[in-house]
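Hi everyone, thanks for making the time. I'd like to walk you through one structure today, so let me put it up first.

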Amino acid sequence: MDSLQTLASWIRESSRIVFFGGAGTSTESGIPDFRSAAGLYLSEKSSPYPPEQMLSHSFFISKPDIFFDFYRGKMLHPDAQPNGAHQLLARLEQQGRLSAVVTQNIDGLHQKAGSRRVLELHGSVHRNHCMSCSRYYGLDAITGSEETVPRCLECGGIIKPDVVLYEEELDHKVLTDSVQAIANADLLIIGGTSLTVQPAASLIQYFQGNHTALLNGEPTSYDTRADLIITDRIGWAMDRISEMLG
């Protein structure tokens, strides 16, 4: 509990907090992560194609039917609800203490909890567009499509999720805004990420503030540089911290 009290005190002292998060932020909301022992990449055995291949741009173009079967079955969790981590971060933003959430997640749970400044490095399942005419679609265009490959109502083009697939570049503005937010932060909270996905993980090197807290259930390459390590489940830990903050 001492480590949670330490982080709570740092939060009280800070006014430009940035949260940098990954898939582990949402596991307590029922969304599996990718690289842990129980994660999607190691547990998915039903397809002859590895998940990394099915989530690549070239696979999407060449085998969109298999892509969408996997995408709908494993990547979409429309009924998931925010947990204690999402809720505390939204509360800190409303109080003017948190300046941005930088997330590798595509699930939209930060916004569902009430966060407004969310920089989504890998896009969002809630945004989709026609590859031919660029018409915008919401998530229901994917989940409610009667066809395996969803198609535009106007031109018949394939509707592509606005998520960053392997072989695709991250959005330049989102990257720039994320670097700026982290560079200006006085407290950096890193949560639920193995810090192995690049270039996203490299963004934390721009932090120049007072303290770095790392909340993750498994060791990361950044452990020796963080000021505080918390290995408790992040949703549970953030609930406790929220109680301490009153």
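So, where does C152 lie? C152 sits in the loop between α8 (140-143) and β6 (159-163). When I say helix or strand, I'm using DSSP runs numbered from the N terminus: H or I over at least four residues for a helix, E over at least two for a strand.

Some housekeeping before we go on. Residues are counted from 1 along each chain as its sequence is written, and side-chain values use heavy atoms, with hydrogens and water left out. Please keep in mind that this is a predicted model, where local features need pLDDT of at least 70 and side-chain atom pairs count only at pLDDT 80 or more, while totals for chains, interfaces and linings use all residues.

Back to the cysteines. UniProt, in an unreviewed entry, lists C130, C133, C152 and C155 under "binding site". UniProt positions follow the numbering used here, feature names are shortened, and an annotation may be inferred rather than shown by experiment. These four are spread over 26 residues of sequence, and yet they cluster in space, with a largest C-alpha distance of 8.5 Å.

Is C152 buried or exposed? C152 is buried, at a relative accessible area of 6%. Buried here means under 20% relative accessible area, exposed means over 50%, and partly exposed is in between, with a 1.4 Å probe and protein chains only. If we skip neighbours within four places in sequence, C152 is in contact with C130, C133, R135, Y137, G157 and I159; contact means heavy atoms within 4.5 Å. C155 is in the loop between α8 and β6 too, but C155 is partly exposed, at 42%. With the same neighbours skipped, C155 contacts C130, S132 and C133.

How many disulfides are there? The count is 0, where a disulfide is a pair of cysteine sulfur atoms within 2.5 Å. C130 is in none, and the nearest cysteine sulfur, that of C155, is 3.4 Å away. C130 is also buried, with a relative accessible area of 1%.

Now for another record. The unreviewed UniProt entry also places "binding site" at a longer list of positions, among them F34, T193, S194 and I234. F34 is in the loop between β1 and α2 (40-43), and F34 is partly exposed at 22%. I234 belongs to helix α10 and is buried at 5%. Leaving out residues up to four places away in sequence, I234 touches F19, G24, T25, E28, A85, G191, G192 and L215.

T193 and S194 come up again when we look at T220, in the loop between β8 and β9. Not counting residues up to four places away, T220 touches T193, S194, L195 and L214. T220 counts as buried, at 12% relative accessibility. A polar contact of 2.7 Å joins the side chains of T220 and D223. And the backbone nitrogen of Y222 is 3.1 Å from a polar atom of the T220 side chain. For polar contacts, the rule is a pair of N or O atoms within 3.5 Å; within protein, one must be able to donate a hydrogen and the other to accept it, and residues adjacent in sequence count only if both atoms are side-chain atoms.

Let's finish with two helices. Helix α1 (residues 2-13) has 12 residues, which should span 16 Å at 1.5 Å a residue, and its end C-alpha atoms are 17 Å apart, which agrees. The expected span is 1.5 Å times one less than the number of residues. Which residues of α1 are buried? They are L4, L7, A8, W10 and I11. Down the axis of α1, these fall within an arc of 160°, so they line one face of the helix; the arc is taken from the directions from the helix axis to the C-beta atoms. On the other side of α1, D2 and E13 are exposed. The buried residues of α1 pack against several elements, including β1 (17-21), α6 (84-94) and α10 (234-245).

Helix α9 (residues 172-184) has 13 residues and reaches 18 Å from its first C-alpha to its last, close to the expected 18 Å. Its buried residues are V174, D177, S178, A181 and I182. They cover an arc of only 130°, which puts them on the same side of α9. H172 and K173 are exposed on the face turned away from that buried side. The cover over the buried residues includes β1, β2 (98-103) and β3 (118-120). Finally, D171 caps the N-terminal end of α9, with a side-chain oxygen 3.0 Å from the backbone nitrogen of K173.
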